[in-house]
Structures are given as structure tokens and as C-alpha cells.
Amino acid sequence: MDNLLALAGTSSLLNGASGTTIQDLEERIPGFAILQNFFKTWLKLDLASILTVAALMGAASSGVSSIRDTGAKIYWWIVRFLTASISIAGNDRLNREVLNWLGAHILTKRRTRILTANSEKVLTDTWHYHRVSQERNDYTHDSRAPVHYLPTFGTTWFIHKRNLFMVRRILTSSSNTGWSFRTPDEYAGAPEGDEPLVIMCLGRSVEPIKKFLETCREFADKQREAYVTVRISKGSYNDSWDTSILRPIRPLETVHFDEKVKDALVADIANYLDANTRKFYNRRGIPYRRGFLLYGPPGTGKTSLSLALAGKFGLELYLIHIPSVGNDDALERLFTALPPKCMVLLEDIDAVGIKRRASSNDDDSSNDSDGDGSSSSDEDEYGRSRVTLSGLLNVLDGVASQEGRIVLMTSNFAEKLDKALVRPGRVDRMIYLGHISPRSSELMFLRMYAADADSAAPGSRDLQVSEDELKRLALEFSKKIPNEVFTPAQLQGYLLNHRDSPVEATANVERWVQEEQQTIEAAKEKTRKAAEQKKKRKRERKLVRAAEMAEAMRNYVSDDELETLRQKVEEKSKRKAKRPKDSVDGAEEKGNSEPLDEPKSSGHMPNGLPSSHDSTLSGPNEASSPEKSATGGTNETAGPGESKETSTEAEPVSAETDTKVPSHE
Ligand SMILES: Nc1ncnc2c1ncn2[C@@H]1O[C@H](COP(=O)(O)OP(=O)(O)OP(=O)(O)O)[C@@H](O)[C@H]1O
């Protein structure tokens, strides 16, 4: 441009294009004279004039752009002078909350004509087609994800509480290509959902913006009031919380177990969440954390109770399925990303310290202590996790572990848990959820057939029974349910099968109970036989091994010595066979974790845990016994969450737990 201006200056003397001027130009642009002659002779054009016009145009455009730049500078200076602003990163939840507020309060009211829409993300390529739901709402009955309308790029103006606000949604990725004239952003591409926002407010204080942000958050909380937000991480090796599921809140009354235990649990959590409790902990230097262990056979309500508690206390539930977590580092990253106050649900905590099956297929057989090709049932059921016990202990109350959260752990095999894991501070209260009592079955019956206020129940339901009649039927029904035999999930399955008629459900329950009990007996018998056979095979294998050893030594020792040796081997194997399994895990030791303010229990679990922590339903020893466990697998219907069979073999895993466990306390 400078050159052109120089040229323009030179060519302003163009009248007659004096020889000196042409010479000047020749000096600046070598070969200019030749070109000038060419243009003059062949095109009848004066090159110097053309250059002059071009230079003037260039100067004008650069003038315009510098005027524009100056204008923009002045504009932003005025904006900066007259407004306050706060920017929010694209991946911050607040960003989405502001957009939602705008969508509900500004865009719909103003009938804005330029919007963006999103429903759910879809990944497509030749080989895979799958949907990636970042946010799922389990309350909707639609088969498709709902569409959300949000502001487009650019600035949205509005007045809120007598303040003028401008929210700018900033385009980060430039999809504006290939047009001869610049297409406005809103027509050139769609936002990807992670655009930063800048919120500006007329005035010289950020206070109105802070209040506005608070309003957006309150609005989001209100929208979620009927839901509990469950956050999960994506897959085995993903260590970020990337999916939100909005689950309708499950009232605590719909989870049936001992009412006293339930009340004590609720009071405990309420007390913990009290602001004064935090101060109390802080002043005394006690880490402000609370841990609960929910244990018992499958289908007894451990997960349901966790969801209900999160809903009751308005906390987000962060779900970690231990067998799916890649390793200790992944677990630590998940914990580091937790918000200050939330509930964390660690499912199947007993899988910790057992190697993941997928990566250790080759040593499967070596893990099978029996060598008969079948690994223990719990390992089959749970897969194997690379999270070690020390890794878990570290996130629960290591130096870097967060304060303010509530950890709920669930286990079907609490007796196998390491004592370090369940010591107070990590587990402050143990809640046993066991088989259902007649009283709980009565409540479940009433819940199943209670009239729905919004008559949203399935149309075919024949609920022509009065309230009194329903109560009578519920009592009659409950009397036919044996105490602590069936899991709540089993009973729920039965009731769902008769959901249209409480009368039929009551009439048929006796037969169902008989059939189920027969199935349970058959399952027990099968388990007993399988255990016997296993034992027999084990003994036989040992004898064969001993014989082989004797054979191998025959050449080296006398017959007498050989006989002594054989006897020794036999005695040793007999002793081993006789030794009670519990002793391997330190059955004699006393447990170190007890419910804090519950009456002391009478017995102890095999690893030293108190046996009846918080439930009057039945003791954990019963829960883990083959007899009890066998009841879990024979449902008339496969109700939700009932597919798992209770393992009938709960061997101690002290040998399998991580050897890296630090010495605690
Ligand atoms: N105590 C209970 N009260 C009411 N419903 C229950 C109870 N226990 C189980 N259910 C019902 O049984 C189903 C399975 O329950 P849930 O998943 O909470 O059991 P769980 O103990 O977590 O099982 P698992 O150990 O196999 O994960 C749910 O549909 C739930 O409604």
C-alpha cells in the first residue's frame, strides 16, 4: 500500500508524464517504461493513469478500514466504560444454565426468530452409528430426545430487574467458508454447545450480573427439583463425568426396610449436611466426610435407597461402578472432579483389588484356586477391577481427598471387605438391607395399588376396591409372605405381574410362595451338591498329586521314608480340608467398624464386622449364607434389577486384596 501511495504521489504529476517522472517510475519499477509503451501502443491505455486510480482506491479503502478500526476501538472503549461484564467458559455448567434461562424467559416471550436447536449428539461414520446422550431425562415418555431451543451466536439484549443485559455467545470454530460475501454467523454454522458466553450489564458494577447468574442457577435447580441428577463417567477407561441422567426422584417411602433404621439414616445425613456440623468438624480438625456401607443380597434396594437419599437431600449422585473403572489413577481423577457437596455411590465395592478379567484371561486358571476351571462365583459375576484397595482408600480419605461429600458404598459380600476399608472415617454406618418382612410386603402392596392422583396408571387396571378393602387385602397378602425369605425385588416382580388386580395378587400369592420356595430348595440342593463335588474333586486331585510326588521320590528314598512322607501329605491335606474358611480371613479378630449410634450387635461377620448393623430384618451372616442367597434368583418375572443370581459361594478374598494396603491408623 505504501508503494501504491508513493506511486499515486508520483503519478499526480502525471500531466504530460514528464520524462523525469517516467524515469522515477522506471527506477522504482524496473521495466516500467517497456510496459508503459506496450499499454500505449497496443491497448491505447495510459499505465500511469491506471496506477494512479488503483492507488487512490487503495488509499480510500485503507482509510475506510482505519476509520472502522478506530470506530471499533471507540465503541469498545465506550462499552468498557459503560458496562460491567463476566465471561463464562463454554464447558461450564453455568453456561448451559444461563442459556436455559434465556431460552425460557427471553426467547419464547419475544418470539425470537433466529434460534439454535439441539437434541442429542450422534456420532456417525461408515462403521458406527450410535447416539451419544450427554444429558438424559428418564422422566420423559417420548421415544426421542426432546429438542432444546437456545439463543444463536451474537448478542441477546434484555432487561432483567431494571438492568440492561447483553449476553454474547461467541463463535469459536469458524465454519464460515467459501462465500463470496461474508455470511452472518447465525447462517453459517451451528453452535457446538461449548461456546463461551460474555454477560454484560449497563453500569459500572458486576453485582447485577452476579445476581442474574444466581437467578439462572436457581431456575436450573427448580427445573431439576423433581429429579435427581445422576452423573456417570463414560466407559471403562474414561475418567471424566460426562453424562447426566435426570431420574425422577424416588420417594424414600418407596424403599422398604426397617423404618427405625431408615429414620436414623436420614437423621444422620441431615445432621451431617447441617452447616454447623461442618464448622464443628473443622474446629476439631476432623475431616468433614461421611461414609455409609449398604450391604445385603442383590435386589434388596441398595441402589434404590441411594437414589432416594440423593433425591431427598437434593444432592447430585455421582455413580462409580468399581469394576468399570480402569485403574487407581482413573478413580482418583473421577474423585478430583467431584463438586464440593454431593453423593458418591461406589457400587460393588467388593470387586476392588481383583484383577479385571479382560486383561488377565491368561491367568484365569491360576486364579482359580481349585484348579477345576471354574473361578469363584463372585468373580464371574463382577468381572475384575484394576482398582486396588490402596487406590480406593486413598480417594476415600487420603491427603488429597475432598471434604464435604457423602460416600455410599454397596456390596453384596460385605463379609469379604477389608477391615481397612470399613473402618470408621471411611464407613461410619453400615446398613443391612435384607429379605423382605411381612410388614414391608404390606407396604409394598399398598404402594403398588394406591390410586394415582393424576390417573396416570395403565388403563386396564381394575382397581375397583375401596381404600379399606385395599388395606384389608394388603394385610391378608402380607400374612402369606414368609418372613425374610424373598428379596423385595422378587416380590415387586410378582406384584408387577398382577398389577391390574390386587384381588388376584392376594388370591394367587400362596401358590407363588410355594412354587418359589420349591425353587429355592432345589437351588439350595443344587448348590450343596455342587459344593460337595467340588470338594471331592479337590481331594482327589490332591491325592493324585501326592501319589505323583511319591512316585517321583521312589528312586531316592526308602519305602519307610516314603510312607512317612505320604502320611504327612495326607494329613496336611486333611487338615486343610477341615479348616473353616472363615479363619483364613481372620474370623477371630474383632471388627473395628461399628454403627455410630446404633445399639451394639450380638454377632460378628466373618471378617470381624458387626453382624447386625442397622436392620432388624436379618443378620449379614444369614445374608451371605448359601441358603439365603439362593432366594435371589427365582423370580416369577424378571423385575428391574433382578437378573443377578446371588452367589452361593462367598469365599474370603483376603489373599486377593491388594498387597499394597498401607497400614491404617
Ligand atoms: N427394599 C426395597 N423396597 C422397595 N423396592 C425394592 C427394595 N429392594 C429392591 N427393590 C426393587 O427391586 C429392584 C432392584 O433394586 P435395587 O437395584 O435397588 O437392588 P440392589 O440391592 O441395589 O441390587 P444389586 O445388589 O443387584 O445391585 C428395584 O426395581 C427396586 O424397586
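The following dialogue examines how the terms used for this predicted model are justified.

Student: On what basis are residues numbered and features accepted here?

Tutor: Residues are numbered from 1 along each chain as its sequence is written. The model is predicted, so local features need pLDDT of at least 70 and side-chain atom pairs count only at pLDDT 80 or more, whereas totals for chains, interfaces and linings use all residues.

Student: What makes E7 and E8 a pair of strands, and in which sense do they run?

Tutor: Strands (E, at least two residues) and helices (H or I, at least four) are DSSP runs, numbered from the N terminus. Two strands pair if DSSP finds at least two bridges between them. Strand E7 (residues 154–160) and strand E8 (residues 163–169) have seven bridges, in the antiparallel sense, and therefore satisfy that definition. Phenylalanine 158 has phenylalanine 165 of E8 as its bridge partner, and histidine 160 is bridged to asparagine 163 of E8.

Student: What lies between E7 and E8?

Tutor: The two strands form a hairpin with two residues between them, and lysine 161 in the turn has a positive phi of about 50°.

Student: How do you know that E9 belongs to the sheet with E1 and E8?

Tutor: The bridges on either side of E9 show it. E8 pairs with strand E9 (residues 197–202) in the antiparallel sense over five bridges, and methionine 166 stands opposite methionine 200 in E9. E1 is joined to E9 by six bridges, again antiparallel, and serine 85 has methionine 200 of E9 as its bridge partner. The result is an open sheet of four strands in the order E1-E9-E8-E7.

Student: Which strands are called edge strands, and why?

Tutor: Strand E1 (83–88) and E7 are the edge strands, as each pairs on one side only. Neighbouring strands of the sheet are turned by 20° against each other on average, direction ignored.

Student: Which helix lies across this sheet, and at what angle to E9?

Tutor: Helix H7 (residues 207–223) lies across E1, E7, E8 and E9, running at about 125° to E9. Axes are lines fitted to C-alpha atoms, for helices over the stretch in contact, and angles run from 0 to 180 degrees between N-to-C directions.

Student: Why is H16 called roughly parallel to H18?

Tutor: Helix H16 (residues 467–479) and helix H18 (residues 502–553) pack at an angle of about 20°, with their axes 9 Å apart. This angle makes H16 roughly parallel to H18. Angles under 35 degrees count as roughly parallel, over 145 as roughly antiparallel, 65 to 115 as roughly perpendicular and the rest as oblique.

Student: What handedness does the crossing of H16 and H18 have, and which residues make the contact?

Tutor: The crossing is left-handed; that term applies if the near helix is turned anticlockwise from the far one by less than a right angle, and right-handed applies if clockwise. Leu470, Leu473, Glu476 and Phe477 of H16 meet Pro502, Val503, Ala505, Thr506 and Val509 of H18.

Student: Why is H15 called oblique to H16?

Tutor: Helix H15 (residues 438–449) packs against H16 at an angle of about 140°, with their axes 8 Å apart. The pair is therefore oblique. Their crossing is right-handed.

Student: How do H15 and H17 cross, and what meets there?

Tutor: The axes of H15 and helix H17 (residues 488–497) come within 11 Å and cross at roughly 35°, and the crossing is right-handed. Ser440, Ser441, Met444, Phe445 and Met448 in H15 meet Pro488, Leu491, Gln492 and Leu495 in H17.

Student: What does the record say of residues 513–543, and what does the model show there?

Tutor: An unreviewed UniProt entry annotates residues 513–543 as "coiled-coil region". In the model, the span is 100% helix and 0% strand, with its end C-alpha atoms 45 Å apart.

Key: Contact = placed C-beta atoms within 7 Å. UniProt positions renumbered as here; feature names shortened; annotations may be inferred.
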